Each structure stands twice: as C-alpha cells, then as structure tokens.
Amino acid sequence: MIPYGKQEITQKDIDAVVEVLKSDFLTQGPQVPAFEKLLMDFTSAQYAFAVNSATSALHIACLSLGLGKGDYLWTTPITFVASANCGLYCGANIDFVDIDDKTYNLCPIKLKEKLIIAEKQGKLPKVLVAVHLCGQPCDMKAIHALALEYDFKIIEDASHAIGGKYLNSIIGACKYSDITVFSFHPVKIITTAEGGAALTNDKTLATKMNLFRSHGVTRDPELMIGESDGGWYYQQVELGYNYRMTELQAALGVSQIKRLSEFVAARHILAHRYNELMLDLPIRLPYQLPDTYSGLHLFVIRLDLDKITKTHQQVFNELRENGIGVNLHYIPVHTQPYYRNLGFKFGDFPVAECYYQNAISLPMFHLMSKTQQDEVVSVLTKILQG
Ligand SMILES: *Cc1c(COP(=O)(O)O)cnc(C)c1O
C-alpha cells in the first residue's frame, strides 16, 4: 500500500533520541528549549512553547486568550475535530464558518456576513481558529482586518502548514494572528512522534501558555504572589495541565526541523508533477492562492461525479483495493454525532458538505518516489475510465 502520508526517520534522528536516553534528563532538560529556539529562529516568532500535541497547544492557546463559559469560538467545518474541541474544553460555545469553494479554507466573505448577524445578536466570537487546510494559508489579511473590526482573537491552526509562507511572512510568525499552533504527529510535515507547539509575539500570552502547559506552577518570583519561602519554593498561580513535551520528542524535533525546508520543497515537486500528470482527468486539482507557499501536507482532488460513472465511495474503495492509501480530510466537524448533539445538522454548511461528497486525499509525503506517484496516477486513471 502506498500510504497517504509517511514520516522519514534517519540514523541521525535515531542517534539524537538515543543520546537523550543516555543523558540525565528524559524530561525538562535542554532539548525542549533547544527545539523551541529553532522554532523561533525558523518562524521569527518571539515565543514558542513545545507541548505534547497540537491539541494541547490549541487548548493552552484558548486558555491564554481567556476563552471561557458563554464565549464563542468559531472555526471551519473542514478540519480535524481538535480545532473545535479546544473551545469546548474551555466551556465555550462552538460555531462554524463555511468554506471557500476554491481554497477549501474558511471563507472571509461568509465570515463577514456571519459577524454582522452575530453582532446584532450579541454573539460575537472571542476566538477564531483559522485552519490552513492542506498547508494552504487562509486569507489572513482579510481575517485579520475583521478581527480588528469585530474585536476577536485569531489562532492559526497551522498543523498542515509548517514550512509555508503567506505573502512575505513565514507561517508561525504570527503577523496576522495572536497565536500559531503546529502539530508534529508522524503524518504531518516534521515529527516528534506526538507533539505540538504554540507560538506568539505577545509576552502576556506567552507567560500564560507557559504556565498552562505545566500545572500553572511557576518558580519565577515575578509571577508569584508575595515572597518566596526559599530555594525549594514554587507557586501554583493558574489551573494548568501537564502538557509537556519529553526530551526524547524534542531531540527528534531538533533533528527533523533541520530538514523542514527540504521536506516542503520535495512536496512541491510532487504536487507540480501530480498537476501535470492529471490535467486531463475528470477531477478538480488543488487551487493555489496567489502569493502563498503551501506547506503541502495534503494533496486533495475533487471528483467530477457528473463526468464519471462511479460514485465517490466506489472510486475511494477501488483506490484502496489497488494499493493506493487514499484518505478523506475531513468529515465536516458539525456532522459528527457529538456536534449534532450540540444542535448542528446536515445542511448547516453546504459548501463544506459538498466538498465532503467528492474530495479524496492522494498520497503525499516527501519520500514518495516518481514510480509510486506514477502508480497512483495510473491506478486512478484506470478507475475513473472504467
Ligand atoms: C493533526 C491536526 C490536529 C491535532 O494534532 P495533534 O498533534 O495530533 O494533536 C489539529 N488540527 C489539525 C488541522 C490537524 O491536522
């Protein structure tokens, strides 16, 4: 089976992790700060906090922005459930903004329309999670302008987009957002096995995220209430969690991030080749927003079901049966049973639901060979013609 995504672990990666196993610190040592430093250098963000998953990063991001009971978090329905769940963890209400039919990202025009209505109802969002689907950046300038007008905060869920660029700013620089979140799950662009990070340029948010990731506990006298009792002293000043990344994970991250640009460049070569090889197929190829450089986590095609005799499910199953490990990103979050119990229903976000009817993620990972790619295209071509 040609998988839809796959990590690359080199001997150097392995050596870096083994080195940590032989060292004094398996957690809370030098590797996590070293990885954070590399994340800051790469993105030019002023603060970076490595945590045990992007889900945890989204949670501490929401907490640091003060999201709580009665507040609203808005996001796109075409994302992994974690982009919305982080709001529920904080006791907030969730709502969605339908996607743009070209980019498949949250649509800024629909966002504006929804904000106008929400303002009248007194239900404006406190936080918007902008997901860069497939690695393609959202229209951040438009979203940022609306954030200023309607006074909400922006979290970029850049789980797919590390190594990408929006206009002249690197994803993670937080130029048009308050916080950016990355995932280092093995299917993503670089990996720490499990892991994530939250980046910001805001000192107050940074201090809070640092507290929330580790029990709300501090040893910094400046953050304490009153005087220190002595050298052993620490204080809990927030209700935090244990979301720390281990030293083993961070060492893997330090080793992997050195190859990040190379990984993304390889994905671009593959995407370019897919686009050329599949020009004549009855499918819609991915659209690229001008002035952006995608992280290219995913390569999503849309079947033109009017031009073929098979159903979406038939094409999907036949691809899998023929060794092509396709996937579907994503089932619209509002149609998940848990979200339907919260009151969402089919029909709420029609563009997202239409996307779900004919989207397929083709294999895309930087080590994919030309032979493997030719195999994907040839199998798909046969299935669509048959
Ligand atoms: C993978 C992913 C997450 C969750 O990442 P974890 O590191 O597995 O917690 C969140 N949002 C999006 C868009 C993702 O793709």
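This briefing walks through two pockets, a buried helix, two buried residues and one helix pair. The structure is a predicted model, so please read every value below as computed from it. A good place to start is the largest pocket, with a volume of about 700 Å³, and then helix 4, which is largely enclosed by the rest of the structure because six of its eight residues are buried.

**The largest pocket**

- The largest pocket has 25 lining residues, and those closest to its centre are Asn210, Leu211, Arg213, Val217 and Thr218.
- Two or more lining residues come from each of helix 2 (31-43), strand 1 (47-51), helix 7 (203-212) and strand 10 (217-218).
- Helix 7 is the top contributor to this lining, with five residues.
- Sorted by class, the lining of the largest pocket holds eleven nonpolar, eight charged and six polar residues.

**The second largest pocket**

- The second largest pocket offers about 350 Å³ of space.
- Its lining is made of 22 residues, with Phe80, Ser183, His185, Lys188 and Tyr330 the closest to the centre.
- Helix 3 and helix 4 each bring at least two residues to this lining, and helix 3 gives the most, with three.
- If you are thinking about the chemistry of the walls, the lining of the second largest pocket divides into eleven polar, eight nonpolar and three charged residues.

**Helix 4 and its surroundings**

- Helix 4 spans residues 82-89, and its buried residues are Ala82, Ser83, Ala84, Asn85, Cys86 and Gly87.
- What do these buried residues of helix 4 pack against? Their partners are helix 3 (54-64), strand 2 (72-75), strand 3, strand 4 (127-131), strand 5 (153-157) and helix 11 (337-341).
- Just after helix 4 comes glycine 91, which takes a positive phi of about 85 degrees.

**Two buried residues**

- Serine 64 sits in helix 3, and it counts as buried because its relative accessible area is 3%, with the cut-off for buried being under 20%.
- Leaving out residues up to four places away in sequence, serine 64 touches Ile179, Leu205, Lys208, Met209 and Phe212.
- Isoleucine 99 belongs to the loop between strand 3 (93-96) and helix 5 (108-121). Its relative accessible area is 0%, so isoleucine 99 is buried too.
- Beyond its neighbours within four places in sequence, isoleucine 99 is in contact with Thr76, Pro77, Ile78, Tyr104, Asn105, Leu106, Cys107, Lys110, Val351, Ala352 and Tyr355.
- Isoleucine 99 and threonine 79 are 20 residues apart along the chain, and their C-alpha atoms are separated by 10 Å.

**Helix 9 against helix 13**

- Helix 9 (residues 260-277) packs with helix 13 (residues 370-385) at an angle of about 35 degrees, and the axes of the two are 11 Å apart.
- Is this crossing of helix 9 and helix 13 right-handed or left-handed? The crossing is right-handed.
- On the helix 9 side the contact is made by Leu270, Arg273, Tyr274 and Leu277, while helix 13 supplies Lys370, Gln373, Asp374, Val376 and Val377.
- The residues of this contact comprise five nonpolar, three charged and one polar.

Key:
Residues numbered from 1 in each chain as written. Predicted model: local features only at pLDDT ≥ 70, side-chain atom pairs only at ≥ 80, totals over all residues. Heavy atoms only, no water. Axes fitted to C-alpha atoms, helices over the stretch in contact; angles between N-to-C directions. Helix = DSSP H or I, 4+ residues; strand = E, 2+ residues; numbered from the N terminus. Left-handed = near helix turned anticlockwise from the far one by under 90°. Contact = heavy atoms within 4.5 Å. Nonpolar A, V, L, I, M, F, W, Y, C, P; charged D, E, K, R; others polar. Buried < 20%, exposed > 50% of the residue type's maximum accessible area, 1.4 Å probe, protein only. 1 Å grid on protein atoms, 1.4 Å probe; cavity = no way out; pocket = protein on both sides within 12 Å on 5 of 7 lines; lining within 4 Å. Points joined across faces, edges and corners; volume = space filled by probe spheres on them.
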